[in-house]
There are 2 protein chains.
Amino acid sequence: MAPSRYVGILALVAGCLLPSGVQALWPIPNKLETGTTALTVSPFFYFDVQVEGAPLDLYEAVSQAQFYLANDKLGRLVVGRGANDTTALVGANTLSTLTLSLMSGATAEPIASEAVKPLGTRSEEYTLTIPADGSAATLVANSTLGLYRGLTTFNQLFYYYSGVTYTLLAPIAITDTPAYPFRGFALDTARNFYPVSDILRTLDAMSWVKINTFHWHITDSQSFPLEVAQYPELAINGAYSPQEVYTPSDVQYIIQYAGARGIDVLLEVDTPGHTSIIAATYPDYVACFDETPWATYANEPPAGQLRFALPEVVNFTASLLADIASTVSSSYFSTGGDELNTPCYTNDYPTQLQLNKMVLDWNITLSNETIVMVWISSEDALAVAEKGFRIVQAPSNYFYLDCGAGAWLGGDPTGNSWCDPFKTWSESYTFDPLANLTEAQYELVLGGEQCLWSEQSSPDNLDPIVWPRAASSAEIFWSAQQPTGAPLNVTEALPRLQDLRFRMVQRGLRPIALQPYWCAIRPDACDLTA
Amino acid sequence: MAPSRYVGILALVAGCLLPSGVQALWPIPNKLETGTTALTVSPFFYFDVQVEGAPLDLYEAVSQAQFYLANDKLGRLVVGRGANDTTALVGANTLSTLTLSLMSGATAEPIASEAVKPLGTRSEEYTLTIPADGSAATLVANSTLGLYRGLTTFNQLFYYYSGVTYTLLAPIAITDTPAYPFRGFALDTARNFYPVSDILRTLDAMSWVKINTFHWHITDSQSFPLEVAQYPELAINGAYSPQEVYTPSDVQYIIQYAGARGIDVLLEVDTPGHTSIIAATYPDYVACFDETPWATYANEPPAGQLRFALPEVVNFTASLLADIASTVSSSYFSTGGDELNTPCYTNDYPTQLQLNKMVLDWNITLSNETIVMVWISSEDALAVAEKGFRIVQAPSNYFYLDCGAGAWLGGDPTGNSWCDPFKTWSESYTFDPLANLTEAQYELVLGGEQCLWSEQSSPDNLDPIVWPRAASSAEIFWSAQQPTGAPLNVTEALPRLQDLRFRMVQRGLRPIALQPYWCAIRPDACDLTA
């Protein structure tokens with residue numbers, strides 16, 4: 001997918017001030033045309049699915065869209081919250097139908113099947129048209145996944161005041177497609193555990209901003225909450241408690257729930273580092289287990305990493321990863337590979353014994369099918385691109401949601417977090433996915449994601465620490481900051497992000513407040529230069 | 001109250017390592033003696049109130065203590081969460097009664113009456129004794145307020161495993177009294193609104209750590225959510241919505257709820273700055289209302305402050321504050337007085353006209369009965385003390401809970417918050433209330449408080465941004481870092497704070513996780529030097 005395809009389209013959006021009535025659109029569509037006519041939604045509004053052989057999850061998506069349309073009840077973010085719109089609504093035309101259909105030649109597969117196809121082969125584009133005269137609106141796409149994305153946009157178009165759901169901006173014409181195929185959110189469920197219900201709520205929120213990958217960092221040194229069929233002892237001995245376990249049916253349900261929302265579940269079982277807790281079951285497989293001082297042997301307590309020089313550990317690891325990978329529907333699986341500690345191995349007798357027995361090539365060679373996640377810094381993308389690998393951008397200096405909360409280690413009263421400062425939504429939003437790369441390397445960038453590492457997070461702060469901040473990258477990688485297009489603009493974006501945040505509140509999420517409410521209902525009044 | 005009274009007592013605590021079984025005590029009592037005998041709580045345990053003329057709110061406090069005792073069900077924060085304690089509990093003695101009584105000569109007034117007496121005249125001390133042989137425990141105090149504090153401590157003493165509530169540390173003898181009379185928490189309900197239920201939940205949590213003052217910053221430039229009997233238009237025109245108002249009965253209920261928990265409500269109606277929204281009702285009373293660029297005329301949008309040079313504004317302000325003050329039971333009231341903007345007045349014609357008509361003495365003189373809150377920096381206390389004022393310590397560089405979240409103003413993508421960085425619990429905990437002062441000035445320090453300013457906060461993140469961090473100052477000002485006593489120690493404190501945090505979770509609060517759960521159940525294992 002060549003980014004240059006979208007440059008022309010984006011310029012259209014950036015070239016005009018967005019009318020306030022479409023502030024709620026996030027991510028902003030590639031092409032958006034609006035009018036100035038009021039249009040109300042009929043109490044008898046229905047979605048007309050004209051899709052031959054429509055899969056069950058498309059009907060579920062339509063039910064969900066119907067629910068949001070009836071229950072969002074979001075007042076416009078202006079003084080009065082829409083009270084001044086009532087005059088315009090008197091005698092307005094009424095919209096009764098949205099007709100969904102596929103382009104000719106397209107086949108109706110389940111959304112969940114479309115969502116897990118290889119990157120670059122998924123079809124997420126759609127065309128949405130809403131006439132001003134009350135005649136049927138239409139949503140057309142090349143796949144059920146595209147229809148799902150279009151429904152998400154449709155739900156963001158309407159406001160509510162005093163019993164009436166409406167837009168002031170008919171006719172509306174949207175043509176939309178993502179700039180990058182990978183748009184993710186990463187959650188660490190090992191440092192602290194998150195019940196399935198928290199993950200489901202997070203998947204809902206991800207779907208609202210068209211994030212299409214749930215990067216699930218499911219295990220780490222501190223706990224192994226994943227129940228693996230052939231290795232049940234890993235969770236029995238490694239989960240924080242018998243209640244804090246993801247069973248195979250939990251994982252399947254999460255995959256199904258995500259798939260129905262156009263989200264691929266990228267499971268990550270980090271190896272050979274970040275595996276200390278495996279020693280609770282297989283003590284012989286782990287070097288430097290719980291050695292102290294832990295800081296000599298690991299980035300975080302407890303120390304311990306797989307003795308991957310030992311043949312039996314290689315076999316175990318391969319078998320474990322294959323077993324887990326066989327349970328997921330995604331085309332991808334993450335094996336981690338980060339933060340290997342050298343003293344842990346150089347001081348480990350079994351590892352050194354094995355190394356002395358053979359000539360080992362330490363230059364690890366990765367298949368060029370491998371996708372590399374760039375996380376330490378945004379500066380590192382170039383080195384990865386120069387080796388020809390495809391890239392997912394997860395730079396800590398822009399996208400780590402946990403930064404800025406200070407040290408969590410004991411005995412360090414004035415310590416900072418390693419990735420200070422806190423990343424505001426607006427700082428994240430200034431990230432340029434193609435910075436430092438040559439034009440020939442642009443196509444290696446598949447997209448990116450924001451991440452929540454959970455040393456200082458748990459279900460108790462999940463919503464406010466993630467939302468709406470994680471929407472920043474969702475817009476970057478959908479609406480695209482292309483090399484020759486106009487860059488995304490934080491001043492233009494803030495009122496839309498406020499709308500998104502308030503719509504999230506209407507849907508039961510607990511996103512953090514971005515500003516005093518006084519500012520939220522007065523777009524731009526609290527800009528630094530206002 | 002001379003701080004030196006408590007120096008000897010504190011040294012006792014600091015001189016020994018606390019046994020792990022009392023990790024849950026927060027703030028740590030002045031004098032604490034424990035044994036090593038297991039003692040279980042009888043299923044038929046009851047509180048025996050031997051207080052003549054006991055007020056209703058003492059019985060309510062006892063009911064609450066009974067509820068916590070039965071429902072906290074907090075497992076010890078060790079691997080196994082108490083599974084290894086069951087052997088010790090076999091055949092253990094059983095505690096059936098806690099007898100509450102007042103010292104001879106003390107009279108039983110309502111807790112709510114004791115809580116609002118002038119600072120320095122309240123009696124919060126108590127003595128709690130729990131024998132190891134199962135005979136009745138005793139709680140003795142000089143007031144119902146002291147009994148309430150003792151009940152709070154009693155509830156923190158017990159753990160739960162598999163149907164049994166117990167301690168491993170009988171006999172227990174505690175003698176306890178606060179080092180400082182003022183221990184507060186400040187909440188801004190004007191930048192964003194908090195429903196009454198959020199305030200009540202916060203008062204509960206405050207009472208658990210013996211915080212005795214709710215500093216309620218109830219109005220500001222952005223909104224006026226307080227319904228005032230003689231000035232109802234202020235809320236009608238100044239609240240964010242008709243639903244986002246504190247009615248007189250709301251305020252009375254909050255005062256009553258707080259009082260029953262030993263908490264004084266210190267209402268703050270900030271004047272003459274921070275009053276822009278009053279212009280919605282009285283435009284003639286406000287200078288530079290909504291002037292732009294706002295940054296010239298105010299620290300935050302919207303600009304606007306009372307024209308306090310005008311006699312009619314002086315009369316209005318005096319009448320307004322008197323009206324509000326008459327509705328509270330506290331001995332104190334806060335009139336703000338911070339962040340006056342000079343250009344707002346120098347460019348204001350009515351103000352200049354008035355000033356030209358008279359010779360005004362700009363040297364404002366405060367009665368020496370005034371208590372001054374030090375908030376810009378901890379460096380400022382000395383200057384206040386030198387003028388002889390009593391001090392409440394609320395230094396932004398230690399105690400502002402909202403710092404570190406980046407800029408909230410639009411158009412400032414990489415902006416910081418003015419009081420960066422984030423204040424971790426441990427950084428707050430290192431605050432020395434007497435730093436920079438001379439020994440003669442120590443008695444001017446009444447205590448202190450942590451504050452949540454709500455530009456970027458709302459009910460959606462209230463619990464995790466406040467708790468357990470606001471417990472840091474609660475312990476400083478109860479357990480006291482005295483000039484010649486041993487300082488409080490973050491390494492010793494962390495396991496206790498973890499216990500407090502998990503007990504808060506058991507009671508339905510959503511405090512932020514301090515560390516991975518792996519660390520929480522292994523005290524000290526995640527210390528920087530472990």
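## Annotated domains of chain A

In this predicted model, the stretch of chain A from residue 180 to residue 354 is 35% helix and 15% strand, and the C-alpha atoms at its two ends lie 44 Å apart. UniProt, in an unreviewed entry, lists residues 180-354 and 358-480 of chain A under "domain: Glycoside hydrolase family 20 catalytic".

For residues 25-157 of chain A, the UniProt record, also an unreviewed entry, gives "domain: Beta-hexosaminidase eukaryotic type N-terminal". Over residues 25-157 the chain is 27% helix and 30% strand, with end C-alpha atoms 7 Å apart.

## Chain A as a whole

The secondary structure of chain A comprises 19 helices and 15 strands. Its radius of gyration is 24 Å, close to the 24 Å given by the globule rule for 530 residues, so chain A is as compact as a globular protein of that length. Taken along the principal axes, the C-alpha trace of chain A spans about 85 × 55 × 50 Å.

Of the 530 residues of chain A, 62% count as buried, and the accessible surface of the chain amounts to about 19,400 Å², with 54% of that area belonging to carbon and sulfur atoms. When contacts in chain A between residues at least 6 apart in sequence are considered, 76% of them join residues at least 24 apart.

## Two residues of chain A

A:Ala70 belongs to helix 2 (residues 56-71) of chain A and is partly exposed, its relative accessible area being 44%. Although A:Ala70 and A:Pro43 are separated by 27 residues in sequence, their C-alpha atoms are 8.6 Å apart in space.

A:Pro413 sits in the loop between helix 14 (396-399) and helix 15 (425-429) of chain A, where it is partly exposed with a relative accessible area of 21%. Once its neighbours within four places in sequence are set aside, A:Pro413 is in contact with residues of chain B, namely B:Thr424, B:Ser426, B:Glu427, B:Thr430 and B:Val490.

## Helices 8 and 10 of chain B

Helix 10 of chain B, residues 311-325, has 15 residues and reaches 21 Å from its first C-alpha to its last, close to the 21 Å expected at 1.5 Å a residue. Its buried positions include B:Val313, B:Phe316, B:Thr317, B:Leu320, B:Leu321, B:Asp323 and B:Ile324. Viewed down the axis of helix 10, the buried residues fall within an arc of 160°, so they line one face of the helix. An α-helix has 3.6 residues a turn, so residues three or four places apart point the same way. The cover over the buried residues of helix 10 includes helix 7 (233-238), strand 9 (264-271), strand 11 (305-306) and strand 12 (334-336) of chain B.

Helix 8 of chain B, residues 248-259, has 12 residues that should span 16 Å at 1.5 Å a residue, and the 16 Å between its end C-alpha atoms agrees with this. The buried residues of helix 8 are B:Val251, B:Ile254, B:Ile255, B:Tyr257, B:Ala258 and B:Gly259. Among the elements that cover them are helix 4 (111-114), helix 6 (196-208), strand 8 (213-217) and strand 9 of chain B. Strand 9 is thus listed in the cover of helix 8 and in that of helix 10.

## An enclosed helix in chain B

In helix 17 of chain B, residues 471-479, 9 of the 9 residues are buried, so the helix is largely enclosed by the rest of the structure. Those buried residues include B:Glu475, together with B:Ile476, B:Phe477 and B:Trp478. Just after helix 17, B:Ala480 takes a positive phi of about 70°.

## Backbone details in the loops of chain B

A cis peptide bond with omega of about -10° joins B:Thr271 and B:Pro272, and B:Pro272 is placed in the loop between strand 9 and strand 10 (286-287) of chain B. The peptide bond from B:Asp420 to B:Pro421 is likewise cis, with omega near -10°, and B:Pro421 lies in the loop between helix 14 (396-399) and helix 15 (425-429) of chain B.

B:Cys288, a residue other than glycine, has a positive phi near 50°; it is found in the loop between strand 10 and helix 9 (294-297) of chain B and is buried, with a relative accessible area of 7%. B:Glu339, which is not a glycine either, has a positive phi of about 55°. The loop that holds B:Glu339 runs between strand 12 and helix 11 (342-346) of chain B, and at 32% relative accessibility B:Glu339 counts as partly exposed.

Technical notes: Residues are numbered from 1 along each chain as its sequence is written. Chains are lettered from A and ligands numbered from 1 in the order in which they are written. This is a predicted model: local features need pLDDT of at least 70, side-chain atom pairs count only at pLDDT 80 or more; totals for chains, interfaces and linings use all residues. Side-chain values use heavy atoms; hydrogens and water are left out. UniProt positions are given in the numbering used here, feature names are shortened, and annotations may be inferred rather than shown by experiment. Helices (H or I, at least four residues) and strands (E, at least two) are DSSP runs, numbered from the N terminus. The expected span of a helix is 1.5 Å times one less than its number of residues. Buried means under 20% relative accessible area, exposed over 50%, partly exposed in between (1.4 Å probe, protein chains only). The arc is that of the directions from the helix axis to the C-beta atoms. Contact means heavy atoms within 4.5 Å. The radius of gyration is taken over C-alpha atoms; the globule rule is 2.2 Å times the number of residues to the power 0.38. Accessible areas come from the Shrake-Rupley method with a 1.4 Å probe; for residues, only the protein chains shown count as cover.
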